[in-house]
Amino acid sequence: KLYGWAMVIKEDRVINPLAIRFSQDKVLATFHSGQEVEKVSAQLSVAETDGQLLIRAPFPTIEVIRWRPKVRDSSGVPLRADGEVVKGKERWFSMDNRRLWCLQMVAVRYWPRQCVIPVVAIEGACNSRDIRKFRTSSVGVCLWVSREAQVREQLWNWREAAKARMKEVHVDDASLRQVLAHIRSHEEAASDELPDVPLEMLT
């Protein structure tokens with residue numbers, strides 16, 4: 001399945017979910033099945049692999065793509081400079097926003113452990129219909145979560161959630177530096193620089 005992507009190469013990789021950004025500003029707090037995303041997140045398990053925690057999820061693997069988003073104001077209007085649309089840095093994005101939020105909550109729950117998830121990394125061009133879905137006004141770092149389609153109730157930002165987590169558990173400076181470096185390296189990595197999916201997940 002290409003889901004509207006054209007001229008693409010798909011590769012199975014693993015990546016820290018905190019290194020992936022949201023493509024939209026708002027999601028509902030429930031999956032299409034009616035299950036609450038937060039309840040599903042609380043039930044997800046992890047497995048130790050190569051010193052990292054591999055998050056296991058019951059839903060399909062999320063797809064990610066390298067993308068330079070338009071920088072938008074709070075109302076969603078793209079910013080311009082010298083007549084050109086301003087774009088952010090190239091980073092990993094996903095259109096599977098609810099699943100990504102679900103996985104990020106697990107990673108924060110185990111903070112500052114280094115967590116990874118399997119992803120389908122897409123390389124190639126996408127069509128105009130898919131481009132229009134990239135409506136984030138925060139370059140993908142925040143997500144509004146709503147119980148109703150037209151209401152914004154809760155703002156999710158993993159950085160703020162991790163700060164709150166550090167008030168509950170002691171985090172030494174070395175561990176903090178390591179996990180932040182891990183996230184940053186995955187943010188900046190090309191598809192072929194990300195680790196392969198562990199063999200135990202392929203059997």
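This section describes the overall make-up of a predicted model and then three local settings within the fold.

The protein contains five helices and twelve strands. Of its 203 residues, 45% are buried. The accessible surface amounts to about 11,100 Å², and carbon and sulfur atoms account for 50% of that area. Contacts across the sequence were also examined: where the partners are at least 6 residues apart, 81% of the contacts join residues at least 24 apart.

One example of a residue with partners far along the chain is provided by V14, which lies in strand β1, spanning residues 5-15. With a relative accessible area of 5%, V14 falls under the 20% limit and is therefore classed as buried. Beyond its neighbours within four places in sequence, V14 is in contact with V116, I117 and P118, with H186, and with the run L194, P195, D196, V197 and P198. The C-alpha atoms of V14 and V120 are 8.4 Å apart in space, although 106 residues separate the two in sequence.

A second setting involves R99, a residue of helix α2, which covers residues 97-109. A polar contact of 2.9 Å joins the side chain of R99 to the side chain of D96. When neighbours within four places in sequence are left aside, the contacts of R99 are F31, F59, P60, T61 and I62. Two of these contacts, F31 and F59, reappear in the analysis of aromatic rings.

The count of aromatic pairs in the model comes to two. In one of them, the rings of F31 and F59 are 5.8 Å apart, centre to centre, with 45° between their planes, and the arrangement is tilted. This pair links distant parts of the chain, 28 residues apart: F31 belongs to the loop between β3 (26-28) and α1 (37-43), whereas F59 belongs to the loop between β5 (52-56) and β6 (62-67). Both phenylalanines, F31 and F59, are buried.

The pair formed by W111 and W158 is likewise linked to distant parts of the chain, with W111 in the loop between α2 and β10 (115-126) and W158 in helix α4 (residues 158-166), 47 residues apart. The ring centres of W111 and W158 are 5.8 Å apart and the planes meet at 45°; because this angle is neither under 30 degrees nor over 60, the pair is classed as tilted. W111 and W158 are both buried.

Technical notes: Residues are numbered from 1 along each chain as its sequence is written. This is a predicted model: local features need pLDDT of at least 70, side-chain atom pairs count only at pLDDT 80 or more; totals for chains, interfaces and linings use all residues. Side-chain values use heavy atoms; hydrogens and water are left out. Helices (H or I, at least four residues) and strands (E, at least two) are DSSP runs, numbered from the N terminus. Buried means under 20% relative accessible area, exposed over 50%, partly exposed in between (1.4 Å probe, protein chains only). Contact means heavy atoms within 4.5 Å. Accessible areas come from the Shrake-Rupley method with a 1.4 Å probe; for residues, only the protein chains shown count as cover. A polar contact is a pair of N or O atoms within 3.5 Å; within protein, one must be able to donate a hydrogen and the other to accept it, and residues adjacent in sequence count only if both atoms are side-chain atoms. Rings of Phe, Tyr and Trp (its six-membered ring) pair if their centres lie within 6.5 Å; planes under 30 degrees apart count as stacked, over 60 as edge-to-face and the rest as tilted.
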